[in-house]
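Biologist: I would like a close look at a single part of this protein. Please pick one element and follow it through its surroundings.

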Amino acid sequence: EIYRIKLPGPPTKIGGGKPENQNHALIFTRGEALQTIDMNQDNYFEEAFKMRNVLEEFEHSCHWQRKPTILGLREHIFTGSVSSLAWFMSNQETSFVTISQRFLASPLRVRFHYGHPDIFDRIFHITRGGISKASKTINLSEDIFAGFNSTLRGGYITHHDYIQVGKGRDVGMNQISSFEAKVANGNGEQTLSRDVYRLGCRFDFFRMLSFYFTTVGFYFNSMVTVLTVYLFLYGRLYLVMSGMEKEILEKSIINQNKSLEAALIPQSLFQVGLLLVLPMLMEISLEKGFRTALADFIIMQLQLASVFFTFQLGTKAHYFGRTILHGGSKYRATGRGFVVFHAKFADNYRLYSRSHFVKGFELGILLVVYEVYGVSYRRSSLYLFITCSIWFLVGSWLFAPFVFNPSGFDWQKTVDDWADWKRWMGFRGGIGIQPEKSWESWWEREHEHLKYTNIRGRVLEIILALRFFVYQYGIVYHLDIAHHSRSWRVYGLSWGVIAAAFLLSKIVSVGRQLLGIELELVFRMLKAFLFLACLGITILLSKTYGLTISDLLAAVLAFLPTGWGILL
């Protein structure tokens, strides 16, 4: 024994499984070139005959071209025919591994390694830290760090399309979303890494911009797009609730700004995301002809591709933002299964509750409040463009998992899903109870990142949660029962209503525990008494103080966000 190194934990838990295996296996390989193949990849016999030509790239490079350290190859996605979602992902991936990769390699010179069938210069990488970075959490997207490492150490990365390798992509909605969540988490960790900082410092200005917009900038822009929708709607909410909008419109010299409308309407068309479709259309046009590309694009729209990609925008924004705020991302096993099956409602709820459903409901309530109390843009076509695109976003986030769920609207499966969801909601959690079995365990795991975050992350979470209290403060002064009063007493009484609601729910829960099954009749009588008391108070308020049905509906819009804000 020459010397001993103490490892920071068990050998199997130091780093990620795949990168550790790659770097460990590297010492047992032979030759000067090394090809990396993922487990979900295939190969074709006729492509193997081209390998000699590919390896020549490492030997006889032009006098003006450097010898490559990583040589990128294209992929052929063979899972496109499994489902419409698989076809969308196949088209998206095909455009990324062909035209996008070629453009990243030349002229932008910012192509890295993406876990594709790239060929490495083995001698170069075995002396420079291996072909992966294996630290847990920070190197969640372990492949791209090999590209960062190669570029930082003076390597040259290129891409060629004359050889391809087969690849299977995710085919189900939940698999795809888990994969997108993993990539978004990994991108958030890249943003916090030293490698990205060092590349940003050492690139020239133009290459730095290319690097930004093709790596972390893409996800940052996705997050900013969603945040812009929030800022716009909350700004509108403030204008409407404070009465400033009405004041501006009444005293405004220009009531209808036609030039503003003319400028914003075409911008709204581009905002749909048509520019992001351009690379895909160009690549299909190059390979199969423009007519086929146009036909494919139209069929994709008819199969609700826009709904799917809008939904994935929410996935990217949520997981990237959460990683930036709190860190601590983890690997998500997607399975890469070939079978498309019906996902239960409880599974969809667990996966999309915080990332899509809550945000969709929030934006929906904002739009309803804006519709009820707002007065601007009513007679102009701009109103349609402003609200319809956001309603489309809300609809996509709330209903996409069910639209793309096989047998999603089958009545028997819906009944079974409802029973399963009720069982999951009612099962108490505890030590050793899996999140798939109990709502309580799922809630604990969903907020697990808050236990390990720092003070900055917790303070920012609290500040972000304060936005849910704005609704109540604005809406209660617009109720008929308030009689246009601007007194603080109105706002104080609204908190009295919330306290009464909490008290009622506590009485019911304590009554259920104390009376139980033995005195079920007494418990039901207690609930009936509480219901009649609430009904009597409502009738009394309507007769005495002018409470209306619209006030009750508005109170729901006001108090629902407040309750969620208290929970957060």
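Modeller: What follows is a walk along helix 4 and outward from there.

This is a predicted model. The protein chain has 24 helices and 4 strands. It holds 568 residues, and 42% of them are buried. Take the contacts with a separation of 6 or more: residues 24 or more positions apart account for 78% of them.

Start with the sheet, since helix 4 packs on it. The sheet is open and has 4 strands. Their order is 1-3-2-4, and the pairing is mixed. Strand 1 (33–35) and strand 4 (157–167) are the edge strands, and each pairs on one side only. On average, neighbouring strands are turned by 25° against each other, direction ignored. Strand 2 covers residues 70–77 and pairs with strand 4 in the parallel sense. That pairing runs over 8 bridges. Within it, His76 stands opposite Gly166 in strand 4.

Now the helix itself. Helix 4 spans residues 84–105 and touches strand 2 and strand 4. Its direction makes about 160° with that of strand 4.

Thr98 is a good place to stop on the sheet side. Thr98 lies in helix 4. Its relative accessible area is 0%, so Thr98 counts as buried. Which residues does Thr98 touch, leaving aside its neighbours within four places in sequence? They are Arg74, His159, Asp161, Glu283 and Glu287. Arg74 falls in strand 2, which covers residues 70–77. His159 and Asp161 fall in strand 4 (157–167). Leu73 is another reference point: it is 25 residues from Thr98 along the chain, and the two C-alpha atoms are separated by 8.5 Å.

Asn91 is also in helix 4. Asn91 has 9% relative accessibility, and it counts as buried because the cut-off is under 20%. Again leave aside the neighbours within four places in sequence. Asn91 is then in contact with Met280, Ile284 and Met300.

Next comes a helix partner. Helix 7 covers residues 173–191, and its axis comes within 10 Å of the axis of helix 4. The two axes cross at roughly 35°. The crossing is left-handed. On the helix 4 side, Leu85, Met89 and Gln92 take part in the contact. They meet Met173, Ile176 and Glu180 in helix 7. By class, the residues of this contact divide into 4 nonpolar, 1 polar and 1 charged. Gln92 is the polar one, because residues outside the nonpolar and charged classes count as polar. Glu180 is the charged one, because Glu counts as charged.

Past the end of helix 4 there is a backbone feature. A cis peptide bond joins Ser106 and Pro107, with omega at about 15°. Pro107 sits in the loop between helix 4 and strand 3 (119–121).

Some other places in the chain also deserve a look at the backbone. Ser407 has a phi near 55°, a positive value in a residue other than glycine. Ser407 lies in the loop between helix 16 (382–403) and helix 17 (411–426). At 40% relative accessibility, Ser407 is partly exposed. His484 also is not a glycine, and its phi is positive at about 60°. The loop holding His484 runs between helix 21 (470–475) and helix 22 (488–515). Is His484 buried or exposed? It is exposed, because its relative accessible area of 73% is over 50%.

Last, the rings. The structure holds 37 aromatic pairs. One of them is Tyr352 with Phe357, an edge-to-face pair. Their centres are 6.3 Å apart, with 65° between the planes. Tyr352 is buried, with a relative accessible area of 1%. Phe357 is buried too, at 8% relative accessibility. Tyr473 and Tyr477 form another edge-to-face pair. Here the centres are 5.8 Å apart and the planes stand at 85°. Tyr473 is partly exposed, with a relative accessible area of 40%. Tyr477 is buried, at 10%.

Back to helix 4 for a final picture. Helix 4 packs on the sheet through strand 2 and strand 4. Helix 4 also crosses helix 7. Thr98 is buried in it, and so is Asn91.

Technical notes:
Residues are numbered from 1 along each chain as its sequence is written. This is a predicted model: local features need pLDDT of at least 70, side-chain atom pairs count only at pLDDT 80 or more; totals for chains, interfaces and linings use all residues. Side-chain values use heavy atoms; hydrogens and water are left out. Two strands pair if DSSP finds at least two bridges between them. Helices (H or I, at least four residues) and strands (E, at least two) are DSSP runs, numbered from the N terminus. Axes are lines fitted to C-alpha atoms, for helices over the stretch in contact, and angles run from 0 to 180 degrees between N-to-C directions. Contact means heavy atoms within 4.5 Å. A crossing is left-handed if the near helix is turned anticlockwise from the far one by less than a right angle, and right-handed if clockwise. Rings of Phe, Tyr and Trp (its six-membered ring) pair if their centres lie within 6.5 Å; planes under 30 degrees apart count as stacked, over 60 as edge-to-face and the rest as tilted. Buried means under 20% relative accessible area, exposed over 50%, partly exposed in between (1.4 Å probe, protein chains only).
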